[in-house]
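Thanks, everyone, for making the time this morning. I would like to walk through how the helices of one protein pack together, so please bring up the sequence and the model alongside.

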Amino acid sequence: MLLVTAGCASGPRDFARGPQFSPPRGDSERVVTTAYQEEGDAQVEGDNVDLALPPSLEGDAAAAEELSAPAPLAEGEGLSLETLEQMSLSNNPAVSQSSARLRALRGKWVQAGLPPNPTAGYTAGEVGNDGRGGQQGGYVGQTFITAGKLKRDRAVVAAEITRAEQQLVATQRRVLTDTRHAYYQALLAQRRVELAMDLLQVSTDAADASKSLVDAEEIPVAGLLQTQIRQENSHVFLQTARNAQEQAWRRLSAVVGGPQLPQQDLEGDVTRLPTELNWQEQLARLQAESPEIASALAEMERARRALNRASVEAVPDISTQISVQYDAASEYTIAGVQVGMPIPLWNRNQGGIRQAQSEVTAAERNIQRVEQDLSQRLADAFRSYADAQVTTAKYSADILPRSQRTLDLVRKGYEQGEVGYLDLLAAQQTYSQANLAYLDALGELWQSYLLIDGLMLDGSLANAPL
């Protein structure tokens, strides 16, 4: 029974708290060489390795799982970006999915450090010899895990937990970026409806003026027909703008993850240009803060710990058994002890060590791939941002004021019969195209800016963590 007790005590006594893990030191080549010096000799370095549940699980990551839903919105109250972000983090299924994966790994971490259960049973021998009951009794047994394998197993899972934490952070970033994209798209759609209504009013005023001029026989009927066509086109543009606004609200509702949001005014000014970005600063920020790089680094650490674990796989575990029997022939109570272990003669986990070694190399190369991929994506987004910034600044400072002034002057001259209807149509066309181009540039500017600000992370509903 002492052996059974000792066997049960070989595992961790406290699953919520334990000694800290000291990660392997040195580069991966040194770790690989140490673990794979000889195929037949398993290395038993780091027997004092132990690992507790990473404390970060009890902090930010745990709090992210318990975000409360915002209070119901008052009737007619405008939605702010901050409210939508809170709703998204609470309701978006991608965040819940990543949190569930993290909780699953916590359970895996607990299970990985548990020792094997003891065994117990009935044993009998020489039954029926000389018509007697023979030797009958019971036994208990325990397998002892050697070379700190349980601690190394937990070390591997702890690296998986770190990677899952970074994936949760990345998912939250994706959700916030998607929410901000959808918010500004809805804000732009709202502005397009306002512009369409303004254009409809302008074209209606022009049609009314044309009718008055036709009645006064100052312009031909063709002028009235042309302005009426422009008026009908403005009706179509207003309807399509409203359709686009409905689509933007549906997309916003999908990202938020809650019930269908009723259309209402959004707080914010889409024409307020964002802070100017610098390429070198954004590149340095991306390399320092990207959860994708942090996740790749955690995967490399997991591969190194897996190699450390594979290096001791061939160290034999010890199986023990103690039995107590009553011998009916001699009327003695006898005891037996059995200790055994496998002999690592042919299987020394050579293939497992080679596999773990290759996984370390692949994980290192993956870090380089992620860094280069992020730089490439940032270059594309920054080009779009720079182009849109120049366009919006030019339209805001020069083109829009001039087109507005031109339209006002031409419309006034047309109403007084001093300007022809073709000039009025041209001024309306220029004004309409300038405003639409400005809104398109604003949409491109905010999309690229938010993608850069969100560390190149978006598509929360399309990108599930591996």
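Before the first example, one convention is needed: when I say that two residues meet or touch, I am speaking of contact, which means heavy atoms within 4.5 Å. Please also keep in mind throughout that what we have here is a predicted model.

With that convention, look at helix H7, residues 221–256, and helix H11, residues 421–453. On the H7 side the residues in contact are Ala222, Gly223, Gln226, Thr227, Arg230 and Phe237, and on the H11 side they are Tyr421, Leu424, Leu425, Gln428, Gln429 and Leu436. Sorted by class, this contact of H7 with H11 holds 6 nonpolar, 5 polar and 1 charged residues. As for geometry, the two axes lie 10 Å apart and the packing angle is about 15°, which makes H7 roughly parallel to H11. The handedness of the H7 and H11 crossing is left-handed.

Let me step back for the overall picture. The protein contains 11 helices and 4 strands, and of its 466 residues, 43% count as buried. If we take the contacts with a separation of 6 or more, 82% of them are accounted for by residues 24 or more positions apart.

The next pair is H4 with H6, where H4 covers residues 81–91 and H6 covers 149–215. Their axes come within 9 Å and cross at roughly 140°, and H4 and H6 are therefore oblique to each other. Here the crossing is right-handed. From H4 the contact uses Leu81, Leu84, Glu85, Ser88 and Leu89, and from H6 it uses Gln172, Val175, Leu176, Thr179, Arg180 and Tyr183. By class, the contact of H4 with H6 has 6 nonpolar, 3 polar and 2 charged residues.

It is worth recalling that an α-helix has 3.6 residues a turn, so residues three or four places apart point the same way. Which residues of H4 are buried? They are Leu81, Leu84, Glu85, Met87, Ser88, Leu89 and Ser90. The cover over these buried residues of H4 includes helix H5, 93–112, together with H6 and H7.

The third pair is H8, residues 279–289, with H10, residues 350–415. H8 and H10 pack at an angle of about 145°, with 11 Å between their axes, and their crossing is right-handed. Trp279, Gln282, Leu283, Leu286 and Gln287 of H8 meet Leu374, Ser375, Leu378, Ala379 and Phe382 of H10. The class count for H8 with H10 is 7 nonpolar, 3 polar and no charged residues.

That brings us to the aromatic side chains. How many aromatic pairs does a search of the whole structure find? The search finds 6. In one of them, the ring centres of Tyr183 and Tyr184 are 4.9 Å apart and the planes stand at 80°, so the pair is edge-to-face. Tyr183 is buried, at a relative accessible area of 4%, and Tyr184 also counts as buried, at 8% relative accessibility. For Trp279 and Phe382 the centres are 5.6 Å apart and the planes are at 75°, so this pair, too, is edge-to-face. Because Trp279 lies in H8 and Phe382 in H10, the pair ties together parts that are 103 residues apart in sequence. Trp279 is partly exposed, with a relative accessible area of 27%, whereas Phe382, at 14% relative accessibility, counts as buried. One aromatic cluster takes in Tyr183, Tyr184, Trp279, Phe382, Tyr385, Trp446 and Tyr449.

I will finish with two glutamates. Glu415 lies in helix H10 and is partly exposed, with a relative accessible area of 45%. Leaving aside residues up to four places away in sequence, Glu415 touches Ala209 and Leu213. From Glu415 to Asp205 the C-alpha distance is 9.4 Å, although the two are 210 residues apart in sequence.

Glu292 is found in helix H9, residues 291–310. With the same neighbours in sequence left out, up to four places away, Glu292 touches Arg174, Val370, Leu374, Arg377, Leu455, Met456 and Leu457. The C-alpha atoms of Glu292 and Val169 are separated by 9.4 Å, with their positions 123 residues apart along the chain.

Technical notes
Residues are numbered from 1 along each chain as its sequence is written. This is a predicted model: local features need pLDDT of at least 70, side-chain atom pairs count only at pLDDT 80 or more; totals for chains, interfaces and linings use all residues. Side-chain values use heavy atoms; hydrogens and water are left out. Axes are lines fitted to C-alpha atoms, for helices over the stretch in contact, and angles run from 0 to 180 degrees between N-to-C directions. Helices (H or I, at least four residues) and strands (E, at least two) are DSSP runs, numbered from the N terminus. Angles under 35 degrees count as roughly parallel, over 145 as roughly antiparallel, 65 to 115 as roughly perpendicular and the rest as oblique. A crossing is left-handed if the near helix is turned anticlockwise from the far one by less than a right angle, and right-handed if clockwise. Ala, Val, Leu, Ile, Met, Phe, Trp, Tyr, Cys and Pro count as nonpolar, Asp, Glu, Lys and Arg as charged, and the others, Gly among them, as polar. Rings of Phe, Tyr and Trp (its six-membered ring) pair if their centres lie within 6.5 Å; planes under 30 degrees apart count as stacked, over 60 as edge-to-face and the rest as tilted. Buried means under 20% relative accessible area, exposed over 50%, partly exposed in between (1.4 Å probe, protein chains only).
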